[in-house]
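Me: I am new to reading protein models and would like a close look at just one part, the salt bridges. Could you take me through some of them slowly, one pair at a time?

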Amino acid sequence: MLRFAQHDSAIYALKARGQLRSVKVGGKHFRTIWRKPDDERVVQLIDQRFLPHDFVIEEVGTVEQMATAIREMHVRGAGLIGASAGYGMYLAALEAARRDSFDEQMTGAAAQLRATRPTAVNLSWAIERQLQNIAAGKTADEKVAMALRTADLIADEDAEHCRMIGLHGLALIRQIAKTKRKKTVNVLTHCNAGWLAFVDYGSATAPIYAAHDSGLPLHVWVTETRPRNQGSKLTAWELGQHGVSHTLIADSATGHLMQHSEVDLIIVGTDRTTYTGDVANKIGTYLKALAAKANDVPFYVALPSSSIDWKMRDGLKEIPIEQRGADEVKNADGWCDGQQIAVRIAPDQSPAANYGFDVTPRELVTGLITERGVCEANENSIRLLFPEHAP
Ligand code: MRU
């Protein structure tokens, strides 16, 4: 008999009731990652490096391939990194069952996945959850079955929590819409915290989709998000697929728009939020929070609890900030004559530093939109929503 942690069974029940749906691409429902329908040894995913100009589905059959997909950002965004690590551990279990020393193999696989990217806490969260559940299996077959179910549960839970974030965030947008007497509500978002950053729905975009689907007049300012342009490539694409009105802007245009009252609300995602409310997100988020404070614009962070680090108190001191290759800053990549190319912007001899994330201190955060509701960005308020994490 395979036993699961309490809340895993609840999620399993939701799946059984078929209440989880994907967002449409060209009229067809899609998640960002799924098991190949006719071969459960293969995981399929949308290779986001080619979006928005090409829709490529990649097949992953080993933990090495999954580690490469995470490190080289075929998949990216905290929620999806977690779900990908969950499936990576399952693929590792399949391989380990064919070899000796199952647990040793899994320890190696866990280390390989952990080493891919440092900032998104969902990565280590998913790996630990898999190791904990797999350890309950007595035989290799039981461990593989446990790894499969856990990977599916992590993915389903991610989708369901994002759907709930959508409903709680919708209430916030509705409040603002009331004060605007049916005039358009202008939301600004940074990077991509959409369904492409998760398994479905997204975090920051979930309230936007819910508001749009409920008929609220809405417009989204989308920052391009240098250096990898997740805003112009991914957020603009997914909002367009869903028919949501949006405008692309340069990252540095945000302050100007707020000074001219063109922004009613900011909603961003997070890769790691401390239990005290400090928020790590894509580089540039902190500057938007500062401008929001200076212009009295509400600054919300949408996140599933899988992105909360219950061991970290001080975000600025403790959250590891990824540094990626200089070429991402010195080049720009895009679509030309039917293919993806990179063009050099900067002089070859100029050095470049490429910080992937920054930390917004809790004082600059108006509130957190989680799957259980909205709370303030402080320890007491967060623990009230998640009492099981009481110290
Ligand atoms: O480098 P990326 O594309 O993985 O960064 C993604 C972000 O910073 C998102 O805003 C973040 O993951 C929050 S949404 C999961």
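Reply: Here is a walk through three pairs, and then a network.

This is a predicted model, in which local features need pLDDT of at least 70 and side-chain atom pairs count only at pLDDT 80 or more, while totals for chains, interfaces and linings use all residues. Residues are numbered from 1 along each chain as its sequence is written, and side-chain values use heavy atoms, leaving out hydrogens and water.

Searching the whole structure gives 24 salt bridges (a side-chain nitrogen of Lys or Arg within 4 Å of a carboxyl oxygen of Asp or Glu). Side chains of opposite charge can pair when their charged atoms come close.

Let's start with Arg324 and Glu322. These two residues form a salt bridge, and their closest N and O atoms are 2.8 Å apart. If you look for Glu322 in the model, you will find it buried, with a relative accessible area of 5% (buried means under 20%, exposed over 50%, partly exposed in between, using a 1.4 Å probe and protein chains only).

Next, find Asp327, whose salt-bridge partner is Arg344. Here the closest N and O atoms are 3.2 Å apart. This pair links distant parts of the chain, for its two residues are 17 residues apart. Asp327 sits in helix H12 (residues 327–330), while Arg344 belongs to strand S15 (residues 339–344). (Helices, H or I with at least four residues, and strands, E with at least two, are DSSP runs numbered from the N terminus.) Asp327 is partly exposed at 44% relative accessibility, and Arg344 is partly exposed too, with a relative accessible area of 41%.

Now move along to Glu379, which forms a salt bridge with Arg383. In this case the closest N and O atoms are 3.1 Å apart. Both Glu379 and Arg383 lie in helix H13 (residues 379–385). They are four residues apart there, about one turn of the helix. Glu379 is partly exposed, having a relative accessible area of 21%, whereas Arg383 counts as buried at 13% relative accessibility.

Finally, salt bridges can share partners, and in this model such sharing joins Arg117, Arg228, Glu322, Arg324 and Glu328 into one network. You have already met two members of this network: Arg324 and Glu322 are the pair with closest N and O atoms 2.8 Å apart. Try selecting the network's five names, Arg117, Arg228, Glu322, Arg324 and Glu328, together in your viewer.
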